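Here is a short report for a reader who is new to this chain. Keep the sequence and the 3D view open while reading.

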Amino acid sequence: MLSTRPAVMAAVPTVSRVRVTITASDPISREGVVSQLRRPPEVDLCADPGSASVAVLVAGTIRENELLDVIECGAGAIV
């Protein structure tokens, strides 16, 4: 028996993507971060820092004056 009711289409949520660039002095650390950020569908990795809305800097250590520079530039998080 065929239904005469119209089909109900479920709303598909759209995912807003965030353009991210990654910088690291160590290529192995950089590739580790890239491999982790490649998974989420919300993340769009890009090579050009000028086109990214988020920058990830991978560093083993950071000096106080560098930390102050990062904060002054508007860093949202430091891990």
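Where is the place of Val 33? Val 33 sits in helix α1, which covers residues 27-37. The model around it is a predicted one.

**Confidence**

Start with how far the prediction can be trusted. The average pLDDT of the chain is 82. A score of at least 70 is reached by 82% of the residues. Among the elements, strand β2 (residues 43-45) has the highest mean pLDDT, at 94. Helix α2 (residues 64-72) has the lowest, at 82. Where pLDDT is low, the predicted coordinates should not be read in detail.

**Overall layout**

The chain has two helices and three strands. Their order along the sequence is β-α-β-β-α. The chain counts 79 residues, and 9% of them are buried.

**Three pairs across the fold**

Some residues can be used as markers to find your way from element to element. Thr 23 is a good place to begin. Thr 23 belongs to strand β1. Its relative accessible area is 42%, so Thr 23 counts as partly exposed. Val 33, in helix α1, is partly exposed as well, at 22% relative accessibility. The cut-off for buried is under 20%, so Val 33 does not count as buried.

Leu 57 is part of strand β3. With a relative accessible area of 57%, Leu 57 is exposed. The cut-off here is over 50%. Leu 57 appears in two rows of the table below, once with Val 33 and once with Ile 22.

| Pair | Apart in sequence | C-alpha to C-alpha |
|---|---|---|
| Thr 23 and Val 34 | 11 residues | 9.9 Å |
| Val 33 and Leu 57 | 24 residues | 9.8 Å |
| Leu 57 and Ile 22 | 35 residues | 6.0 Å |

Take the last row. Leu 57 and Ile 22 are 35 residues apart in sequence. In space, their C-alpha atoms are 6.0 Å apart.

**Salt bridges**

How many salt bridges does the structure hold? There are four. Three of them are described here, beginning with Arg 17, Arg 19 and Arg 63.

Arg 17 pairs with Asp 44, and their closest N and O atoms are 3.7 Å apart. Arg 17 lies in the segment before β1 (18-24), while Asp 44 lies in strand β2, so this bridge ties together parts that are 27 residues apart in sequence.

Asp 44 also forms a salt bridge with Arg 19. Here the closest N and O atoms are 2.8 Å apart. This pair too links distant parts of the chain: Arg 19 is in strand β1, Asp 44 is in strand β2, and 25 residues separate them. Arg 19 is partly exposed, at 32% relative accessibility.

Arg 63 has Glu 66 as its partner. The closest N and O atoms of that pair are 2.8 Å apart. Arg 63 is exposed, with a relative accessible area of 57%. Glu 66 is partly exposed, with 28%. Shared partners matter elsewhere: Arg 17, Arg 19 and Asp 44 are joined by their salt bridges into one network.

**A nonpolar patch**

Now turn to the surface. Which residues make the nonpolar surface patch of about 290 Å²? Leu 68, Ile 71 and Ile 78 do. Ile 71 is found in helix α2. Its relative accessible area is 48%, so Ile 71 is partly exposed.

**The largest pocket**

The largest pocket holds about 550 Å³ of space. It is lined by 16 residues. Those closest to its centre are Val 56, Leu 57, Ala 77, Ile 78 and Val 79. Two elements, β3 (54-58) and α2, each give two or more residues to the lining. Which element gives the most? Strand β3 does, with four residues.

Two residues link this pocket to earlier sections. Leu 57 is among the residues closest to the pocket centre, and Leu 57 also forms the pair with Val 33 listed above. Ile 78 is another of the residues closest to the centre, and Ile 78 also helps to make the nonpolar patch.

Note on methods. Residues numbered from 1 in each chain as written. Predicted model: local features only at pLDDT ≥ 70, side-chain atom pairs only at ≥ 80, totals over all residues. Heavy atoms only, no water. pLDDT = per-residue confidence, 0-100. Salt bridge = Lys/Arg side-chain N within 4 Å of Asp/Glu carboxyl O. Buried < 20%, exposed > 50% of the residue type's maximum accessible area, 1.4 Å probe, protein only. Patch = residues over 30% accessible without salt bridge, like charges linked within 9 Å, V, L, I, M, F, W, Y side chains within 5 Å. Areas by Shrake-Rupley, 256 points an atom, 1.4 Å probe, with all protein chains shown as cover. 1 Å grid on protein atoms, 1.4 Å probe; cavity = no way out; pocket = protein on both sides within 12 Å on 5 of 7 lines; lining within 4 Å. Points joined across faces, edges and corners; volume = space filled by probe spheres on them.
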